[in-house]
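Me: Please walk me through this structure with short questions and answers. Start with the terms I will need.

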Amino acid sequence: MLAASRGERAAFAALVERHQAELYALFRRLGADGHSAEDCVQDTFLRLLRAHAAWTPRAPFRAFLLVLARNAFIDQCRRRRARPAEALPTGEDAGGAADALRLPGGHAPQDVRDALAALPEKQRLVVQLNLWQGLRYQEIAATLDVPEGTVKSRMFHALARLRKVLQRDHLA
């Protein structure tokens, strides 16, 4: 990033090469269709070109890039009047969510998907970023521009709610 901020095109091209697939996957998980995800990726890198001076070597580059990505996605959702973070796992991904989150076992993927859909948006987004994007709490906090404690609290409450809903459904 330092080389790219000095105007080295090859360094910027390397950043694009290294991060474009991850960003595309993130936008798809957040609910963008293929074309919208590509637009968000492109917008993120345009924002990076414009904001490269705001990044400091003290801050993790990936966190900085994810903040730009979040803003690109939110702006696109506003333009399309869509709610962010609507995408939820399907099939195998949904079934694996219960295992990854240490939720009560024996649930059909659709049950897990429905339970995730019932979460408040802020809690659902934390779960998605952690589980499907593999972000640590510190990275999620930087991405969402909230304190790390807020991320931990949202995850705690999301897991509690998921357990309660799935346990209730399991007993029914």
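Reply: Contact means heavy atoms within 4.5 Å of each other. This is a predicted model, in which local features need pLDDT of at least 70 and side-chain atom pairs count only at pLDDT 80 or more, while totals for chains, interfaces and linings use all residues. Residues are numbered from 1 along each chain as its sequence is written, and side-chain values use heavy atoms, without hydrogens and water.

Me: How many helices and strands does the secondary structure of the chain come to?
Reply: Helices (H or I, at least four residues) and strands (E, at least two) are DSSP runs, numbered from the N terminus. Read from the N terminus on, the elements go α-α-α-α-α-α-α-α-α. The count for the chain is zero strands and nine helices.

Me: Which percentage of the residues in the chain is buried?
Reply: Buried means under 20% relative accessible area, exposed over 50%, and partly exposed in between (1.4 Å probe, protein chains only). The chain has 172 residues, and the buried part of them is 42%.

Me: What share of the contacts with a separation of 6 or more joins residues 24 or more positions apart?
Reply: The pairs in question have a separation of 6 or more along the chain. Of these contacts, the share with residues 24 or more positions apart is 65%.

Me: Where does helix 2 bend?
Reply: Helix 2 covers residues 9-29, and its first and last C-alpha are 30 Å apart, close to the 30 Å expected (1.5 Å times one less than its number of residues). A bend is the angle between axes fitted to the seven residues ending at a residue and the seven starting there. In helix 2 this angle is about 45°, and the residue is His19.

Me: Which residues of helix 2 are buried?
Reply: An α-helix has 3.6 residues a turn, so residues three or four places apart point the same way. The buried set in helix 2 includes His19, where the helix bends. The full set is Ala11, Phe12, Leu15, Val16, His19, Leu23, Leu26 and Phe27.

Me: Why are helix 2 and helix 3 described by an angle word, and which word is it?
Reply: Axes are lines fitted to C-alpha atoms, for helices over the stretch in contact, and angles run from 0 to 180 degrees between N-to-C directions. The axes of helix 2 and helix 3 (residues 34-51) come within 9 Å and cross at roughly 140°. Angles under 35 degrees count as roughly parallel, over 145 as roughly antiparallel, 65 to 115 as roughly perpendicular and the rest as oblique. The word for helix 2 and helix 3 is therefore oblique.

Me: Which residues in helix 3 meet helix 2?
Reply: On the helix 2 side, the residues include Phe12, Leu15, Val16, His19 and Leu23. Their partners in helix 3 are Gly34, Ala37, Glu38, Cys40, Val41, Thr44, Phe45, Leu48 and Leu49.

Me: Which residues does Ala69 contact, leaving aside neighbours within four places in sequence?
Reply: Ala69 lies in helix 4 (residues 61-80). At 1% relative accessibility, Ala69 is buried. Its C-alpha is 9.6 Å from that of Gln42, 27 residues away along the chain. Beyond its sequence neighbours, Ala69 contacts Leu23, Leu26, Phe27 and Thr44.

Me: Is Ala25 buried, exposed or partly exposed?
Reply: Ala25 is in helix 2. Its C-alpha is 8.2 Å from that of Gln133, although the two are 108 residues apart in sequence. With a relative accessibility of 34%, Ala25 is partly exposed.

Me: What angle do helix 7 and helix 8 make?
Reply: Helix 7 (residues 121-131) and helix 8 (residues 137-144) have axes 10 Å apart, and they pack at an angle of about 130°. That makes helix 7 oblique to helix 8. Residues that meet there include Leu125 and Val126 in helix 7, and Tyr137 and Ile140 in helix 8. The angle is about 130°.

Me: Which residues does Gln123 contact beyond four places in sequence?
Reply: Gln123 is in helix 7. Its relative accessible area is 14%, so Gln123 is buried. Its contacts beyond that range are Arg154, His157, Ala158 and Arg161.

Me: Which residues does Val151 contact, leaving aside neighbours within four places in sequence?
Reply: Val151 belongs to helix 9 (residues 148-171). Val151 is buried, at 0% relative accessibility. Its contacts outside that range are Val126, Tyr137, Ile140, Ala141 and Val146.

Me: What is the phi of Asp145?
Reply: Most residues other than glycine have a negative phi. Asp145 is in the loop between helix 8 and helix 9, and its relative accessible area of 61% makes Asp145 exposed. Asp145 is not a glycine, yet its phi is positive, at about 60°.
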